[in-house]
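User: I am new to this structure and would like to look closely at a single part of it. Please choose one residue as a starting point, describe its setting, and then follow the connections outward from there.

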Amino acid sequence: MQFPKPSPGLMPNPVVGKKLYAERCAQGHGADLRGSMTGPPLLHPTYKPSHHADIAFQLAVRNGSRAHHWRFGDMKPVPGLTPD
């Protein structure tokens with residue numbers, strides 16, 4: 001299995017990240033990260049770093065994720081996103 005690898009030396013860019021989240025994630029996880037009728041909240045203890053590693057989020061975006069904490073159904077892969 002290949003794991004997504006961000007570019008070496010990549011620094012967080014909140015402006016770009018906020019735009020990508022609004023375009024690709026907010027519909028399911030809510031504009032305020034508090035969830036929606038179709039997806040779970042990302043502001044929940046389940047998503048603390050001590051519960052899921054960063055790679056788990058990267059793999060979920062790339063491959064999708066089977067429903068295992070919530071009853072919203074499986075998460076489909078998010079096309080067009082890179083580890084960066």
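Analyst: Leu33 is partly exposed, with a relative accessibility of 29%. In this predicted model, Leu33 belongs to the loop between H2 and H3. Its backbone deserves attention: the phi angle is positive, about 70°, although Leu33 is not a glycine. As background, most residues other than glycine have a negative phi.

How far may the model be read in detail here? The mean pLDDT of the protein is 90, and 100% of the residues score at least 70. Among the elements, helix H2 (residues 26-29) has the highest mean pLDDT, 95, while helix H3 (residues 54-63) has the lowest, 89. The general caution is that predicted coordinates should not be read in detail where pLDDT is low.

Around Leu33, the numbering leads to Asp32 and Arg34, whose side chains meet in a salt bridge with an N to O distance of 3.8 Å. That distance falls within the 4 Å cut-off, so the pair counts as a salt bridge. The two partners fall into separate classes of accessibility: Asp32 is partly exposed, at 43%, whereas Arg34 is exposed, at 59%.

The search of the whole structure finds 2 salt bridges. Besides the pair of Asp32 and Arg34, Glu23 forms one with Lys19, where the closest N and O atoms are 2.7 Å apart. Both of these residues are in helix H1 (residues 14-24), and because they are 4 residues apart, about one helical turn separates them. Glu23 is partly exposed, with 45% relative accessibility, and Lys19 is exposed, with 53%.

Arg34 also leads to a buried residue. His29, which lies in helix H2, has a relative accessible area of 16%; this is under the 20% limit, so His29 is classed as buried. Apart from neighbours within four places in sequence, the residues in contact with His29 are Tyr21, Arg34, Gly35, Ser36, Pro40, Leu42 and Met75. Arg34 thus appears twice in this account, as a partner of Asp32 in the salt bridge and as a contact of His29.

Pro40 and Leu42 carry the path onward, as both are in contact with His29 and with Tyr47. Tyr47 is another residue of the loop between H2 and H3. With sequence neighbours within four places left aside, its contacts are Pro40, Pro41, Leu42, His52, Phe57 and Trp70. With Trp70, the side chain of Tyr47 makes a polar contact of 2.9 Å. Tyr47 may also be set against Gln27: the two are 20 residues apart in sequence, and their C-alpha atoms are 18 Å apart.

Which aromatic residues form a cluster with Tyr47? They are Phe57, Trp70 and Phe72, and the four residues make up one aromatic cluster. The whole structure holds 3 aromatic pairs. One of them joins Tyr47 to Phe57, with ring centres 5.9 Å apart and an angle of 50° between the planes, a tilted arrangement. Tyr47 is in the loop between H2 and H3 and Phe57 is in helix H3, so this pair ties together parts that are 10 residues apart in sequence. Phe57 itself is partly exposed, at 34% relative accessible area. Another pair is formed by Trp70 and Phe72, whose ring centres are 6.5 Å apart; their planes stand at 45°, so this pair is tilted as well. Trp70 has a relative accessible area of 26% and is partly exposed, as is Phe72, at 35%.

One further connection starts from Met75, which is in contact with His29 and also with Gly64. Gly64 is located in the segment after H3 and is buried, with a relative accessible area of 17%. Beyond its neighbours within four places in sequence, Gly64 contacts Leu59, Met75, Lys76 and Pro77. A contrasting pair is Gly64 and Val15: they are 49 residues apart along the chain, and their C-alpha atoms are separated by 25 Å.

Notes:
Residues numbered from 1 in each chain as written. Predicted model: local features only at pLDDT ≥ 70, side-chain atom pairs only at ≥ 80, totals over all residues. Heavy atoms only, no water. pLDDT = per-residue confidence, 0-100. Helix = DSSP H or I, 4+ residues; strand = E, 2+ residues; numbered from the N terminus. Phe/Tyr/Trp six-rings, centres within 6.5 Å; stacked < 30°, edge-to-face > 60°. Buried < 20%, exposed > 50% of the residue type's maximum accessible area, 1.4 Å probe, protein only. Contact = heavy atoms within 4.5 Å. Polar contact = N/O pair within 3.5 Å; in protein donor to acceptor, adjacent residues only side chain to side chain.
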